[in-house]
Amino acid sequence: MITEQIKEISIYEAEKLQSMFLKEMQSGETFILDMRLVEKIDMVGIQLLLSLSKSLEEKEQRIEFINVSDAMLHEIKISHCDVALGLG
Amino acid sequence: MEEEVEIFLEDCEDQLGLMEGALVSIQDSGVDADSIGTIFRAMHTIKGSAGMFGYDNIVKFAHAGENLLDAAREGLIEVNEEMVDLFLQCKDYLEHLIEVEIREEEMESSQKSLGENLVKALISYMPGEKPLEKSEDLGQIKEPSMSEEEILRWHISIRFHKDFFTTGMSIHSIFNFLNKIGKVIINQPILYHIPLLEALNPLHPYIGFEILFEADLPYEEIEEVFEFIIDDVDLMIFEHTDEESLSQLIASRKEDLLSQTLLDAQFYTEIETVDVSEEKTEEIKKSLPEVNKPEELEILENEKTESKTVTKSTGAPKVSSSLRVDATKIDLLINYMSEIVIANSKIITLSEELDNSELDEASSRMRELLEVVREGIMDIRMVQVGDSFAKFRRIVNDTAKKIGKNVEFIITGGETELDKTVVERISDPLVHMLRNSIDHGIEEPSDRIKAGKSSKGRVDLRAYTDSGTIVIEIEDDGKGLDKNRILAKAIENGLISSTATLSDAEIYKLIFEAGLSTAEKVSDISGRGVGMDVVRRNIEDLRGSIDITSALGKGSKITIRLPLTLASIDGFLVQVGHTKYIIPLESIQECIELTQEELEGMKGNEFINLRGDMLPLMDVRVVLNEEKSESARKNIVIVRFGEKIVGLLVDELLGEHQTVIKPLGDAFVNVTGISGGSILGSGEVALIFDIARLIEYKI
Amino acid sequence: MSSENRDLITYEEDELLTMSDAPQYFFFKSGGDIYAIDAESVSEMVEYQSFTKVPMMPPYVKGVSNIRGEIVTVIDLLIRFGLGETKIGKKTSMVIVDKIALIIDEVHEVNTIASEDIKVSLDFGFKIDQRFIKNMARYNDEYIAILNSAEILNLKEISIVQERA
């Protein structure tokens, strides 16, 4: 489970998060992303999460988001990607 | 400031300019549908761009204005004088609001309430509306009014170019904005291009969107939403019922799953698969980024020709450009161009030395072509002066109103083209001179009637081209300049000695000296005696000249002559001592040889007898401290600036030279008579004469 | 500005940067003496080339020259120091600082100066005007001046036009 201090899932953090996710995926457990500290998410971030979700599906795993704030949910909903991420 | 914000600001400035121009034209010649349309479009565009950037306060305010303008456009309400005043106030407020928003500052509370009151006032004019009592309603944006049967549904399909994310533009704000101007029924993200995490380049966009959008808006207005990202996306917008476009979309996207996705997302209940051959797909793909382009161009052309006639009569602004180019890019091109011209003149010199006729021919052809390209590039910088002139209309009206004078302001030649930099730099001087004309030139209405004139004064602003220069005239039918008063004042202020004998033109020109104002009462419009000297300096800095003629009781005319462009001139190359100089061709009258006879005839005086007239001579070698040259022959280049004629004594005439002007450097700012340098084919630097200053220096 | 020359300098800077983080100086000879100038302020060095005289300027402002398509001001450093005129020879060069080309005898090297070798300029009589010197430095067992280019190229001063003869 990733509880690390992710504050934003955005263009500025995307590459760092990508390698972090890849590492975390090795564990084979259910992928839990704690969104408690996330204050910013943009299209780059959403696309990254979508790619993550796809990769997990491939391995018959899934992603679970916890502590998603209303503001973040709203951001994701604007682009209607909430459904694909299992947040809809 | 970020580039996008800068573009936004420029765009707003353009739109506000158009708005103002149209409003003032209404003030002058009454309400017409074109002007209302212009104001509406400007308001609408500002709202649209502001929405893109998430400047909600601007959107709210512009929306209120747009609603009323829409009603006016539809003929639901009558536009009266009060409303025009209100719109002018709104324009000013909007200008301020945009500034504040861009700087991300808080609006001061007095301004805030002004804004609220303006919105209230706007709403109170709405058909069937009573003045609102609560301002809280103002914030809410009403959906654009649409009647049930007319609601249009649009299919919008977006894919992003590789660099989209790094441009910094946000697709979120587009979605938000779409929701503001209409209703997004379905927004289906297209996900099948998103790779697995290992293969993902997080900064590349793989996602796409298919949107079903409901709005009672024409195609152009929906496309406008994407204006700021249009170069960075593949965009298709078509009516939901347009099956042909749908087939094109499906064919061009080359996404096997697209039609199924669209069906699954309930965009359509069925999709007829039209067989589109590979060839046709390519064709469609090619045409994709240019949807509606030819039509757009046509519209622009139409508006342009239409505006020419409008400009002539009322000075109303025209739609000026279809492409926004960073000025530095053009400067760069001009720079390279001058390098090429220089390199080519080297080739020409060499080919002459080699005496190879084929090479000669080729290099001459090259020179011709370069000239065409150079002119083409220069032409990009040229803008019509009308846009800039139209802004003056309001200043004139306001000034006249303020001091209780009645003035008719007539602009002619708005379509005359001039280098954009020059246009910007003459704007302030022109404003100053126009204010002067109204304040000092035009008499009080009662005085005018006494003098047997119509109570309404007339100020003309004219532009036209004349032999390679542009001429701008400001003429009024006011009381004219009083020679004796100017003279008395100039003597009193020590500008001239009391025994000086001056021609009329010289006396009038004194008004451009610092510290000379003959206005009896100093108003806050003008009349402090500073300004006209600054005006002259500004014009001269542009290598221009300024002259004034006047007739007491009848009016005055100020004539400004400016070069068409700052970047290049046709020059004439001469040698003095060891240095080569360039004289702007436009100022040369003729070249003559100084004969021994004439030389003797001078008897030490600094003038010769030229066909019966006295021609003052200036020995460039002496004036500029050049070393003595060996050349036995002396040549005189006769130059004219305004009314003044002087013969420049030089060693050798080297012929015409296409001169690209380069600044000499800050170290030389105080050198009089030289305005810049130019690099010759040999690599040598030639100095360019500033004839106006040189003559001034001589006299 | 030419890219070749830019590259040349960048290359030298890079090479030296790997040696030390200390500021780089550009050493050159003028009137037979060695001087140093902050290497960062130097945009390029070129061979001496002819120039066009510009009238009315102080004697040390020789004129303007075309350095790869740009017009630059040419100043004779030695005249600026009041030490006579630079003799033009095979090694005569121009150092370009702020779009101004300084005529010098010859280019020496780009190097660092250890901080302990830098001394605040003293008030005793060095042969050039005190205001042109930023600091003194020990270099190859002799004291040399690190020049104050801002003062040497003081536009207010160099743009004063001269009385005509």
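**Figure 1. The five-stranded sheet of chain C in the predicted model.** Five strands of chain C form an open sheet with mixed pairing. Their order across the sheet is β3-β6-β7-β5-β4. The edges are β3 (42-47) and β4 of chain C, each of which pairs on one side only. From one strand to the next, the twist averages 30 degrees. Strands of a sheet pair through backbone hydrogen bonds, in either a parallel or an antiparallel sense.

**Figure 2. Pairing of β4(C) with β5(C).** The two strands β4(C) and β5(C) run antiparallel to each other, and six bridges join them. Within this pair, C:N66 stands opposite C:I71, a residue of β5(C). On the sheet as a whole, β4(C) is an edge strand, and β5(C) comes next to β4(C) in the strand order.

**Figure 3. The side of chain C that touches chain B.** Here 21 residues of chain C are in contact with 21 residues of chain B. On the chain C side, at least two residues each come from β4 (61-67), β5 (70-76) and α4 (155-158). The largest share belongs to β4(C), which supplies four residues. The edge strand of Figure 2 thus appears again in this view, as β4(C). By class, the side of chain C that touches chain B has 12 nonpolar, six polar and three charged residues.

**Figure 4. The side of chain B that touches chain A.** In this interface, 21 residues of chain B are in contact with 22 residues of chain A. Two elements of chain B, α6 (171-181) and β2 (183-190), give two or more residues to the side that touches chain A. Helix α6(B) gives the most, with four residues. The residues on this side of chain B divide into 15 nonpolar, five polar and one charged.

**Figure 5. Packing of α4(B) against α5(B).** Two packed helices are described by the angle between their axes and by the distance between the axes. Helix α4 of chain B covers residues 81-102, and helix α5 of chain B covers residues 109-124. Their axes lie 10 Å apart, at an angle of about 140 degrees. Angles over 145 degrees count as roughly antiparallel and those from 65 to 115 as roughly perpendicular, so α4(B) and α5(B) are oblique to each other. The crossing of α4(B) past α5(B) is left-handed.

**Figure 6. Residues in the contact of α4(B) with α5(B).** Helix α4(B) contributes B:L86, B:Q89, B:C90, B:Y93, B:H96 and B:L97. From α5(B) come B:Q111, B:L114, B:G115, B:L118, B:A121 and B:L122. The contact comprises eight nonpolar and four polar residues, and no charged ones.

**Figure 7. Overview of chain A and chain C.** Chain A has three helices and four strands, which run β-α-β-β-α-β-α from the N terminus on. Buried residues make up 32% of its 88 residues. Of the contacts in chain A with a separation of 6 or more, 80% are between residues 24 or more positions apart. Chain C has four helices and 11 strands. Of its 165 residues, 32% count as buried. Among contacts in chain C between residues at least 6 apart in sequence, those joining residues at least 24 apart account for 54%.

Note on methods. Residues numbered from 1 in each chain as written. Chains lettered and ligands numbered in written order. Predicted model: local features only at pLDDT ≥ 70, side-chain atom pairs only at ≥ 80, totals over all residues. Contact = placed C-beta atoms within 7 Å. Nonpolar A, V, L, I, M, F, W, Y, C, P; charged D, E, K, R; others polar. Pairing = 2+ DSSP bridges. Axes fitted to C-alpha atoms, helices over the stretch in contact; angles between N-to-C directions. Parallel < 35°, antiparallel > 145°, perpendicular 65-115°, else oblique. Left-handed = near helix turned anticlockwise from the far one by under 90°. Buried ≥ 20, exposed ≤ 12 C-beta atoms within 10 Å, placed from the backbone.
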